[in-house]
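Work through the following exercises with the sequence and the model open beside you. Try each task before reading its solution.

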Amino acid sequence: MKHPVNTSGRPVRLGPRSVTALVLVSLIGVAAFTWPLFADADSAVTSHAGDAPWLFAALLPLLVAVVIATIADCGMDAKAVAMLGVLAAVGAALRPLGAGTAGLEPMFFLMVLSGRVLGPGFGFVLGSVTMFASALLTGGVGPWMPFQMLSMGWFTMGAGLLPAPQRLRGRGELLMLSAYGFVAAFAYGTVMNLQGWVLLQGLSSGISFDPGAPLPENLVRFLAYVVATSLGWDLGRAALTVVLTLTIGSTLLKALRRATRRANFEAQVTFEGPKRGAPGEAAHRTYVTYERK
(Lines give C-alpha, C1' and ligand atoms only; values in the text may rest on other atoms or scores of the structure.)
Protein backbone atom coordinates (compact mmCIF):
# COMPACT_ATOMS: atom_id res chain seq x y z
CA MET A 1 0.00 0.00 0.00
CA LYS A 2 1.33 3.46 -0.86
CA HIS A 3 0.31 6.93 0.07
CA PRO A 4 0.81 9.26 -2.89
CA VAL A 5 4.06 11.11 -2.90
CA ASN A 6 3.83 14.86 -2.73
CA THR A 7 5.08 16.20 -6.05
CA SER A 8 3.41 19.61 -5.92
CA GLY A 9 5.85 21.17 -3.47
CA ARG A 10 3.15 21.50 -0.82
CA PRO A 11 3.43 19.37 2.31
CA VAL A 12 -0.34 18.86 2.44
CA ARG A 13 -1.96 18.42 -0.94
CA LEU A 14 -5.61 18.82 -1.89
CA GLY A 15 -7.39 15.57 -2.60
CA PRO A 16 -11.02 14.98 -3.63
CA ARG A 17 -12.25 14.75 -0.03
CA SER A 18 -10.43 17.93 0.94
CA VAL A 19 -11.82 19.82 -2.05
CA THR A 20 -15.36 18.68 -1.23
CA ALA A 21 -15.05 19.79 2.40
CA LEU A 22 -13.57 23.17 1.46
CA VAL A 23 -16.22 23.84 -1.17
CA LEU A 24 -18.95 23.00 1.32
CA VAL A 25 -17.64 25.25 4.08
CA SER A 26 -16.99 28.07 1.59
CA LEU A 27 -20.50 27.91 0.19
CA ILE A 28 -21.95 28.09 3.68
CA GLY A 29 -19.66 31.02 4.43
CA VAL A 30 -20.64 32.97 1.33
CA ALA A 31 -24.31 32.43 2.13
CA ALA A 32 -23.79 33.56 5.73
CA PHE A 33 -22.13 36.80 4.62
CA THR A 34 -24.51 37.76 1.82
CA TRP A 35 -28.00 36.49 2.60
CA PRO A 36 -29.19 39.72 4.36
CA LEU A 37 -28.69 41.55 1.05
CA PHE A 38 -31.43 39.44 -0.50
CA ALA A 39 -33.89 39.42 2.41
CA ASP A 40 -37.22 41.24 2.28
CA ALA A 41 -37.59 44.61 3.95
CA ASP A 42 -40.13 43.31 6.47
CA SER A 43 -38.08 40.26 7.35
CA ALA A 44 -37.26 39.87 11.04
CA VAL A 45 -33.88 38.31 10.28
CA THR A 46 -31.86 40.83 8.31
CA SER A 47 -28.81 41.11 10.55
CA HIS A 48 -25.96 38.81 11.54
CA ALA A 49 -26.45 39.16 15.28
CA GLY A 50 -28.75 36.16 15.50
CA ASP A 51 -27.14 33.85 12.97
CA ALA A 52 -23.61 33.88 14.43
CA PRO A 53 -24.22 31.03 16.91
CA TRP A 54 -25.65 28.87 14.14
CA LEU A 55 -22.75 29.65 11.84
CA PHE A 56 -20.25 28.85 14.58
CA ALA A 57 -22.01 25.56 15.33
CA ALA A 58 -21.81 24.61 11.65
CA LEU A 59 -18.25 25.83 11.19
CA LEU A 60 -16.56 23.73 13.88
CA PRO A 61 -17.56 20.29 12.55
CA LEU A 62 -16.76 21.44 9.02
CA LEU A 63 -13.24 22.42 10.09
CA VAL A 64 -12.84 19.00 11.64
CA ALA A 65 -14.11 17.51 8.38
CA VAL A 66 -11.43 19.39 6.40
CA VAL A 67 -8.71 18.02 8.70
CA ILE A 68 -10.07 14.46 8.49
CA ALA A 69 -10.40 14.72 4.71
CA THR A 70 -6.81 15.92 4.43
CA ILE A 71 -5.59 13.06 6.59
CA ALA A 72 -7.55 10.58 4.48
CA ASP A 73 -6.22 12.05 1.22
CA CYS A 74 -2.53 12.26 2.07
CA GLY A 75 -1.95 10.16 5.18
CA MET A 76 -0.28 12.86 7.26
CA ASP A 77 0.63 11.93 10.83
CA ALA A 78 0.23 13.50 14.26
CA LYS A 79 3.25 15.75 13.69
CA ALA A 80 1.28 17.75 11.13
CA VAL A 81 -1.56 18.32 13.60
CA ALA A 82 0.97 19.35 16.23
CA MET A 83 2.48 21.85 13.80
CA LEU A 84 -1.00 23.27 13.19
CA GLY A 85 -1.34 23.88 16.92
CA VAL A 86 2.07 25.56 17.20
CA LEU A 87 1.47 27.91 14.27
CA ALA A 88 -2.03 28.77 15.49
CA ALA A 89 -0.61 29.62 18.93
CA VAL A 90 2.09 31.83 17.41
CA GLY A 91 -0.44 33.61 15.20
CA ALA A 92 -2.78 34.16 18.14
CA ALA A 93 0.08 35.62 20.16
CA LEU A 94 1.01 37.99 17.32
CA ARG A 95 -2.45 39.47 16.94
CA PRO A 96 -2.53 41.56 20.16
CA LEU A 97 0.83 43.16 19.26
CA GLY A 98 -0.76 45.45 16.70
CA ALA A 99 -4.51 45.28 17.24
CA GLY A 100 -5.95 48.74 17.71
CA THR A 101 -2.96 50.52 16.14
CA ALA A 102 -3.80 51.67 12.61
CA GLY A 103 -4.51 48.11 11.49
CA LEU A 104 -0.93 46.91 12.09
CA GLU A 105 -1.53 43.20 12.55
CA PRO A 106 1.58 41.01 12.05
CA MET A 107 -0.40 37.77 12.19
CA PHE A 108 -1.47 38.33 8.57
CA PHE A 109 2.14 38.07 7.45
CA LEU A 110 2.52 34.72 9.22
CA MET A 111 -0.71 33.42 7.66
CA VAL A 112 0.47 34.31 4.15
CA LEU A 113 3.75 32.42 4.52
CA SER A 114 2.15 29.48 6.35
CA GLY A 115 -0.52 29.11 3.69
CA ARG A 116 2.14 29.12 0.98
CA VAL A 117 4.11 26.36 2.67
CA LEU A 118 1.28 24.22 4.07
CA GLY A 119 -1.12 24.38 1.12
CA PRO A 120 -4.74 25.54 0.80
CA GLY A 121 -6.57 22.88 2.81
CA PHE A 122 -4.33 22.92 5.84
CA GLY A 123 -3.99 26.69 5.43
CA PHE A 124 -7.75 27.19 5.68
CA VAL A 125 -7.89 25.26 8.94
CA LEU A 126 -4.85 27.11 10.27
CA GLY A 127 -6.37 30.53 9.53
CA SER A 128 -9.68 29.65 11.17
CA VAL A 129 -8.14 28.06 14.26
CA THR A 130 -5.70 30.97 14.67
CA MET A 131 -8.51 33.50 14.63
CA PHE A 132 -10.50 31.43 17.13
CA ALA A 133 -7.50 31.17 19.47
CA SER A 134 -6.73 34.88 19.19
CA ALA A 135 -10.35 35.76 20.01
CA LEU A 136 -10.11 33.74 23.19
CA LEU A 137 -6.76 35.34 24.02
CA THR A 138 -7.88 38.94 23.47
CA GLY A 139 -11.44 38.60 24.70
CA GLY A 140 -12.76 39.33 21.23
CA VAL A 141 -15.52 36.74 21.34
CA GLY A 142 -18.74 38.01 19.80
CA PRO A 143 -21.12 37.58 16.86
CA TRP A 144 -18.30 38.58 14.53
CA MET A 145 -15.98 35.72 15.55
CA PRO A 146 -17.25 32.95 13.20
CA PHE A 147 -17.15 35.44 10.34
CA GLN A 148 -13.54 36.31 11.22
CA MET A 149 -12.69 32.61 11.28
CA LEU A 150 -14.10 32.14 7.79
CA SER A 151 -12.41 35.25 6.41
CA MET A 152 -9.01 34.34 7.83
CA GLY A 153 -9.45 30.78 6.55
CA TRP A 154 -10.02 32.10 3.03
CA PHE A 155 -7.11 34.52 3.43
CA THR A 156 -4.68 31.74 4.32
CA MET A 157 -6.13 29.30 1.80
CA GLY A 158 -5.58 31.83 -0.98
CA ALA A 159 -1.86 31.93 -0.23
CA GLY A 160 -1.79 28.15 -0.58
CA LEU A 161 -3.41 28.38 -4.01
CA LEU A 162 -0.74 30.66 -5.46
CA PRO A 163 1.08 29.16 -8.48
CA ALA A 164 4.45 27.43 -8.79
CA PRO A 165 4.85 26.22 -5.19
CA GLN A 166 7.74 23.95 -6.16
CA ARG A 167 9.57 25.98 -8.79
CA LEU A 168 9.30 29.59 -7.65
CA ARG A 169 11.80 30.56 -4.95
CA GLY A 170 13.81 33.56 -3.88
CA ARG A 171 12.96 37.16 -4.67
CA GLY A 172 10.26 36.28 -7.17
CA GLU A 173 8.35 34.27 -4.61
CA LEU A 174 8.61 37.04 -2.02
CA LEU A 175 7.30 39.60 -4.50
CA MET A 176 4.36 37.37 -5.36
CA LEU A 177 3.54 36.78 -1.69
CA SER A 178 3.84 40.50 -0.97
CA ALA A 179 1.44 41.35 -3.78
CA TYR A 180 -1.00 38.72 -2.59
CA GLY A 181 -0.74 39.89 1.03
CA PHE A 182 -1.40 43.50 -0.01
CA VAL A 183 -4.50 42.69 -2.05
CA ALA A 184 -5.81 40.01 0.31
CA ALA A 185 -5.49 42.31 3.33
CA PHE A 186 -7.96 44.69 1.68
CA ALA A 187 -10.16 41.76 0.69
CA TYR A 188 -10.25 40.50 4.28
CA GLY A 189 -11.24 43.93 5.56
CA THR A 190 -13.92 44.33 2.88
CA VAL A 191 -15.48 40.95 3.62
CA MET A 192 -15.53 41.67 7.35
CA ASN A 193 -17.01 45.10 6.66
CA LEU A 194 -19.92 43.37 4.98
CA GLN A 195 -20.68 41.53 8.21
CA GLY A 196 -20.50 44.67 10.35
CA TRP A 197 -22.24 46.95 7.87
CA VAL A 198 -25.40 44.83 7.80
CA LEU A 199 -25.82 45.56 11.53
CA LEU A 200 -25.97 49.31 10.74
CA GLN A 201 -29.53 49.77 9.63
CA GLY A 202 -32.23 52.28 10.39
CA LEU A 203 -29.68 55.05 10.98
CA SER A 204 -31.02 57.32 8.23
CA SER A 205 -27.55 57.51 6.79
CA GLY A 206 -26.46 57.37 3.18
CA ILE A 207 -23.94 54.63 3.98
CA SER A 208 -26.03 52.41 6.28
CA PHE A 209 -27.60 49.13 5.22
CA ASP A 210 -31.17 49.49 3.95
CA PRO A 211 -33.05 46.17 4.31
CA GLY A 212 -35.11 45.37 1.26
CA ALA A 213 -33.47 48.01 -0.95
CA PRO A 214 -32.36 46.95 -4.45
CA LEU A 215 -29.01 45.18 -4.47
CA PRO A 216 -27.22 47.83 -6.61
CA GLU A 217 -28.31 50.58 -4.23
CA ASN A 218 -27.07 48.70 -1.18
CA LEU A 219 -23.77 47.94 -2.91
CA VAL A 220 -23.22 51.68 -3.53
CA ARG A 221 -23.95 52.32 0.15
CA PHE A 222 -21.53 49.57 1.12
CA LEU A 223 -18.73 50.98 -1.03
CA ALA A 224 -19.20 54.38 0.58
CA TYR A 225 -19.15 52.74 4.00
CA VAL A 226 -15.85 50.97 3.26
CA VAL A 227 -14.17 54.17 2.03
CA ALA A 228 -15.43 56.19 4.97
CA THR A 229 -14.71 53.79 7.80
CA SER A 230 -11.95 51.24 7.16
CA LEU A 231 -9.84 52.07 4.14
CA GLY A 232 -7.03 53.53 6.26
CA TRP A 233 -7.08 50.58 8.65
CA ASP A 234 -6.86 48.10 5.78
CA LEU A 235 -3.99 50.07 4.26
CA GLY A 236 -1.98 49.75 7.47
CA ARG A 237 -2.56 45.98 7.55
CA ALA A 238 -1.59 45.60 3.90
CA ALA A 239 1.55 47.75 4.19
CA LEU A 240 2.83 45.88 7.26
CA THR A 241 2.24 42.54 5.55
CA VAL A 242 4.32 43.66 2.56
CA VAL A 243 7.16 45.04 4.68
CA LEU A 244 7.46 41.93 6.85
CA THR A 245 7.25 39.60 3.85
CA LEU A 246 10.05 41.38 1.99
CA THR A 247 12.32 41.74 5.02
CA ILE A 248 12.07 38.47 6.98
CA GLY A 249 9.90 36.37 4.68
CA SER A 250 12.79 34.40 3.19
CA THR A 251 14.06 33.29 6.61
CA LEU A 252 10.63 32.25 7.80
CA LEU A 253 9.83 30.37 4.60
CA LYS A 254 13.01 28.33 4.97
CA ALA A 255 12.18 27.56 8.61
CA LEU A 256 8.64 26.49 7.77
CA ARG A 257 9.78 24.26 4.91
CA ARG A 258 12.44 22.69 7.08
CA ALA A 259 9.84 21.99 9.76
CA THR A 260 7.43 20.41 7.31
CA ARG A 261 10.14 18.14 5.93
CA ARG A 262 10.92 16.94 9.43
CA ALA A 263 7.24 16.51 10.21
CA ASN A 264 7.05 14.23 7.14
CA PHE A 265 3.46 15.11 6.31
CA GLU A 266 3.29 12.69 3.43
CA ALA A 267 5.54 9.75 4.10
CA GLN A 268 5.31 7.17 1.38
CA VAL A 269 4.51 3.81 2.97
CA THR A 270 5.45 0.68 1.04
CA PHE A 271 4.57 -2.85 2.13
CA GLU A 272 7.12 -5.29 0.73
CA GLY A 273 6.72 -9.00 0.37
CA PRO A 274 8.38 -11.59 2.58
CA LYS A 275 12.16 -11.87 2.42
CA ARG A 276 14.09 -15.10 2.62
CA GLY A 277 16.03 -15.70 5.81
CA ALA A 278 18.39 -18.30 7.08
CA PRO A 279 17.22 -21.89 7.22
CA GLY A 280 14.77 -22.38 10.06
CA GLU A 281 13.70 -18.72 10.21
CA ALA A 282 10.13 -17.74 9.60
CA ALA A 283 9.68 -16.57 6.02
CA HIS A 284 6.38 -14.81 6.39
CA ARG A 285 7.55 -11.47 7.82
CA THR A 286 6.30 -8.26 6.21
CA TYR A 287 8.69 -5.36 5.97
CA VAL A 288 7.50 -1.74 5.96
CA THR A 289 9.61 0.95 4.37
CA TYR A 290 9.08 4.70 4.90
CA GLU A 291 10.42 6.97 2.20
CA ARG A 292 10.68 10.60 3.34
CA LYS A 293 10.46 13.36 0.78
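A residue counts as buried when its relative accessible area is under 20%, as exposed when it is over 50%, and as partly exposed in between, for a 1.4 Å probe and protein chains only. The model is predicted, so local features need pLDDT of at least 70 and side-chain atom pairs count only at pLDDT 80 or more, while totals for chains, interfaces and linings use all residues. Residues are numbered from 1 along each chain as its sequence is written, and side-chain values use heavy atoms, with hydrogens and water left out.

**Exercise 1.** Decide which residues are joined into one network by salt bridges that share partners.

*Solution.* Begin with the rule: a salt bridge is a side-chain nitrogen of Lys or Arg within 4 Å of a carboxyl oxygen of Asp or Glu, and by this rule the count comes to five salt bridges. One of them joins the side chains of arginine 237 and glutamate 105, with N to O at 3.0 Å. Because arginine 237 lies in helix α9 (residues 231-263) and glutamate 105 in the loop between α3 (78-98) and α4, this pair ties together parts that are 132 residues apart in sequence. Helices here are DSSP runs (H or I, at least four residues), numbered from the N terminus.

Next, aspartate 234 and arginine 237 also meet in a salt bridge, at 2.8 Å from N to O; both lie in helix α9, three residues apart, which is about one turn of the helix. Salt bridges that share partners therefore join Glu105, Asp234 and Arg237 into one network.

**Exercise 2.** Classify arginine 237, glutamate 105 and aspartate 234 as buried or exposed.

*Solution.* Compare each value with the cut-offs: arginine 237 has 4% relative accessibility and counts as buried, glutamate 105 has 7% and counts as buried, and aspartate 234, with a relative accessible area of 2%, is buried as well.

**Exercise 3.** How are the helices α4 and α5 oriented to each other?

*Solution.* Axes are lines fitted to C-alpha atoms, for helices over the stretch in contact, and angles run from 0 to 180 degrees between N-to-C directions. The axes of α4 (residues 107-118) and α5 (residues 120-138) come within 8 Å and cross at roughly 155°. Angles under 35 degrees count as roughly parallel, over 145 as roughly antiparallel, 65 to 115 as roughly perpendicular and the rest as oblique, and α4 and α5 are therefore roughly antiparallel.

Definitions and conventions. Helix = DSSP H or I, 4+ residues; strand = E, 2+ residues; numbered from the N terminus.
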